[in-house]
Amino acid sequence: MLELQYVESKFAVNETPVLYVDNLTIKSGEIVGLLGANGSGKTTLLKAIMGLGDIRHGEIKLNGRPVSEQFESIAFITEEGSFPPRMTPERYARFLAEFYPSFSYERYVRMLQWYDLELDKPIKSMSKGQKSKLEICAGFAKGAKTLLMDEPFQGKDLFARQDFLKLMVSSLTGEETLIITTHLIDEIENVIDRAIILKQGRVAADRYIDDIRQEGKSLSDLMAEAAGYKEKRSHSLFD
Ligand SMILES: Nc1ncnc2c1ncn2[C@@H]1O[C@H](COP(=O)(O)OP(=O)(O)OP(=O)(O)O)[C@@H](O)[C@H]1O
């Protein structure tokens with residue numbers, strides 16, 4: 001279980017916090033879509049969990065203990081990638097094995113092969129999409145029970161996105177807690193259990209997908225409600 005209480009994140013340039021989470025609990029095994037408009041605080045929230053960024057207040061616990069004592073049990077899969085670019089995937093695996101006790105080399109290699117990535121190709125010579133796939137292989141091979149994914153669809157072509165979803169679904173044992181940020185809500189709607197929508201750094205909606213469906217709504221309906229999206233707003237620009 002992941003618990004966030006009174007977490008506030010502020011950047012030096014901003015007076016007001018860019019993130020304020022009063023009380024948020026994510027149960028083990030849940031797959032959560034962390035959604036919201038550009039700048040709503042999704043990446044800041046994931047970074048706060050990882051102890052990155054400027055957290056001013058708050059407490060973040062994983063299974064009752066401060067998250068800061070157990071970063072090795074969390075995999076943070078980011079758009080930027082967290083690998084030293086001069087390494088090859090092979091060398092990177094040795095680096096990961098030192099830090100993550102549950103790292104599985106076999107799993108890593110199988111995923112690299114599945115993605116047609118070479119073990120001995122310098123990471124710096126890979127394309128953006130290939131680097132992002134490597135980041136996913138590394139993230140899933142860490143054996144972490146908590147996975148935070150920041151925009152895992154970013155920079156991937158349609159088939160790579162479909163492959164990613166297949167890989168994700170087949171990699172999960174049901175014990176992992178997953179938090180995924182994305183703007184591609186149609187692709188994620190059938191995968192997530194719960195949607196947390198941020199607006200200006202605060203939780204604007206927190207709903208289970210089954211409940212949304214029972215009300216005859218879709219995830220995009222919820223997004224529009226929570227974000228207060230006005231379809232006609234753009235029309236007034238040049239009227
Ligand atoms: N390094 C920084 N310095 C100052 N402000 C920042 C910094 N990084 C982010 N912010 C601000 O924090 C707020 C939240 O940004 P964040 O990156 O978390 O949003 P996001 O929801 O992930 O957005 P996107 O969907 O565009 O990736 C934004 O207002 C942004 O301008």
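## A tour of the sheet and the ligand shell

Start in strand 8, where Ile179 is the bridge partner of Leu148. Keep in mind that this is a predicted model.

**Stop 1: strand 8.** Select residues 177-181. Are these residues buried or exposed? Five of the five are buried. Now look at the two faces. Thr177, Ile179 and Thr181 lie on one side. Leu178 and Ile180 lie on the other. Both faces are covered. The split fits a general pattern: in a regular strand, side chains alternate between the two faces of the sheet.

**Stop 2: the neighbours of strand 8.** Add strand 7, residues 146-150. Strands 7 and 8 run parallel and are joined by five bridges. Find Asp150, whose bridge partner in strand 8 is Thr181. Next, follow the chain from strand 7 through helix 5 (residues 158-171) to strand 8. This β-α-β crossover is right-handed.

Now add strand 3, residues 31-36. How many bridges pair strand 3 with strand 8? There are four, in the parallel sense. Click on Leu34: its bridge partner in strand 8 is Thr181.

**Stop 3: strand 6.** Select residues 74-77. Strand 6 runs parallel to strand 7, with four bridges between them. Phe76 stands opposite Leu148 in strand 7. Both faces of strand 6 are covered too. Ile74 and Phe76 are buried on one side, Ala75 and Ile77 on the other.

**Stop 4: the whole sheet.** Zoom out. In what order do the six strands of the open sheet stand? The order is 6-7-8-3-9-10, and the pairing is mixed. Why is one side of strand 6 and of strand 10 (202-208) left without a neighbour in the sheet? These two strands stand at the edges, each with a single partner strand, so one side has no neighbour there. Turn the sheet to look for its twist, which averages 15° from one strand to the next.

**Stop 5: helix 8.** Select residues 219-227. Helix 8 lies across strand 3, strand 9 (194-199) and strand 10. The helix runs at about 25° to strand 9.

**Stop 6: the ligand.** Show the 12 residues around the ligand. Which of them come nearest? They are Phe11, Val18, Asn38, Thr43 and Thr44. Then colour the shell by class: three residues are nonpolar, eight polar and one charged. Finish on helix 1, residues 42-49. Helix 1 gives the largest share of the shell, three residues.

Conventions. Residues are numbered from 1 along each chain as its sequence is written. This is a predicted model: local features need pLDDT of at least 70, side-chain atom pairs count only at pLDDT 80 or more; totals for chains, interfaces and linings use all residues. A residue is near a molecule or strand if its C-beta atom, placed from the backbone, lies within 6 Å of it. Ala, Val, Leu, Ile, Met, Phe, Trp, Tyr, Cys and Pro count as nonpolar, Asp, Glu, Lys and Arg as charged, and the others, Gly among them, as polar. A residue is buried if 20 or more other C-beta atoms lie within 10 Å of its own, exposed if 12 or fewer, and partly exposed in between; C-beta atoms are placed from the backbone. Two strands pair if DSSP finds at least two bridges between them. A crossover is right-handed if, with the strands pointing away from the viewer, the path from the first strand over the helix to the second runs clockwise. Axes are lines fitted to C-alpha atoms, for helices over the stretch in contact, and angles run from 0 to 180 degrees between N-to-C directions. Two residues are in contact if their C-beta atoms, placed from the backbone, lie within 7 Å.
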